[in-house]
Amino acid sequence: MDDSEQVKMLRRAFSMFDSTKSGRIEKEKVRTILNTLGHTFDDHELEVLLKQEDEEGSGKLNFDSFYRVACHFQEEDDEALQKELKEAFRLYDKEGNGYIPTSSLREILAALDDQITPDQMDGMIAEIDTDGSGTVDFDEFMEMMTGD
């Protein structure tokens with residue numbers, strides 16, 4: 001996932017919780033968002049970071065502060081993400097062949113991003129399924145999901 005994807009996802013989460021559209025969210029909500037995104041974090045560490053970002057003690061963070069906090073935990077999260085992706089892949093690879101049909105990949109993509117268009121999906125799948133086999137193996141899947 002490149003930075004812009006990451007930013008988009010965090011911005012979506014941020015605006016969902018910024019119900020008054022004030023451009024700031026309560027510090028407690030940051031914890032909820034991190035949980036929702038599956039980030040693992042240490043409560044104490046999170047408290048310290050939130051305190052640093054909320055210098056005037058308003059109890060709220062703007063997007064930049066929220067982004068810095070989220071990114072701090074993002075780094076440690078690659079392994080967790082890989083585990084999650086492995087699980088998702090395994091769900092669709094019922095026979096345990098090590099690959100899934102591109103039709104299953106569509107389902108995964110749709111579940112992960114409800115903004116994605118069929119055209120974008122075709123493009124992504126064409127990029128991955130370079131041999132046109134109609135299947136995607138785990139490495140190809142990981143590469144696409146993590147953008148590495």
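The following legends describe an overview and several close-up views of a predicted model.

**Figure 1. Overall arrangement of the predicted chain.** The chain holds eight helices and four strands. Read from the N terminus, its elements follow the order α-β-α-α-β-α-α-β-α-α-β-α. Along the principal axes, the C-alpha trace spans about 55 × 30 × 20 Å. Of the 148 residues, 32% count as buried. Among contacts between residues at least 6 apart in sequence, 59% join residues at least 24 apart.

**Figure 2. Surface and charged side chains of the chain.** The exposed area of the chain is about 9200 Å², and carbon and sulfur atoms supply 49% of this area. The chain carries 16 positive and 37 negative side chains. The centres of these two sets lie 8 Å apart. Ten salt bridges are found in a search of the whole structure; the views below show examples.

**Figure 3. A salt bridge within helix α1.** The side chains of Glu5 and Lys8 meet in a salt bridge, with an N to O distance of 3.3 Å. Both residues belong to helix α1, which comprises residues 3–17. Glu5 and Lys8 are three residues apart, about one turn of the helix. Glu5 has a relative accessible area of 35% and is therefore partly exposed, since this value lies between the limits of 20% and 50%. Lys8, at 48% relative accessibility, also counts as partly exposed.

**Figure 4. A salt bridge between helices α3 and α4.** Arg68 and Glu53 form a salt bridge through their side chains, at 2.8 Å from N to O. This pair links distant parts of the chain: Arg68 lies in helix α4 (residues 63–75), Glu53 lies in helix α3 (residues 43–53), and the two are 15 residues apart. With a relative accessibility of 46%, Arg68 counts as partly exposed.

**Figure 5. A salt bridge between helices α6 and α7.** In the salt bridge of Arg106 with Asp122, the closest N and O atoms are 2.7 Å apart. Arg106 is located in helix α6 (residues 102–112) and Asp122 in helix α7 (residues 118–128), so the pair ties together parts that are 16 residues apart in sequence. Arg106 is partly exposed, at 32% relative accessibility. Asp122 is likewise partly exposed, with a relative accessible area of 37%.

**Figure 6. A network of salt bridges.** This view shows Glu26, Lys29 and Lys60, which are linked in a network of salt bridges.

Technical notes
Residues are numbered from 1 along each chain as its sequence is written. This is a predicted model: local features need pLDDT of at least 70, side-chain atom pairs count only at pLDDT 80 or more; totals for chains, interfaces and linings use all residues. Side-chain values use heavy atoms; hydrogens and water are left out. Buried means under 20% relative accessible area, exposed over 50%, partly exposed in between (1.4 Å probe, protein chains only). Contact means heavy atoms within 4.5 Å. Accessible areas come from the Shrake-Rupley method with a 1.4 Å probe; for residues, only the protein chains shown count as cover. Lys and Arg count as positive and Asp and Glu as negative; His and the chain ends are not counted. The place of a charge is taken as NZ of Lys, CZ of Arg, CG of Asp or CD of Glu. A salt bridge is a side-chain nitrogen of Lys or Arg within 4 Å of a carboxyl oxygen of Asp or Glu.
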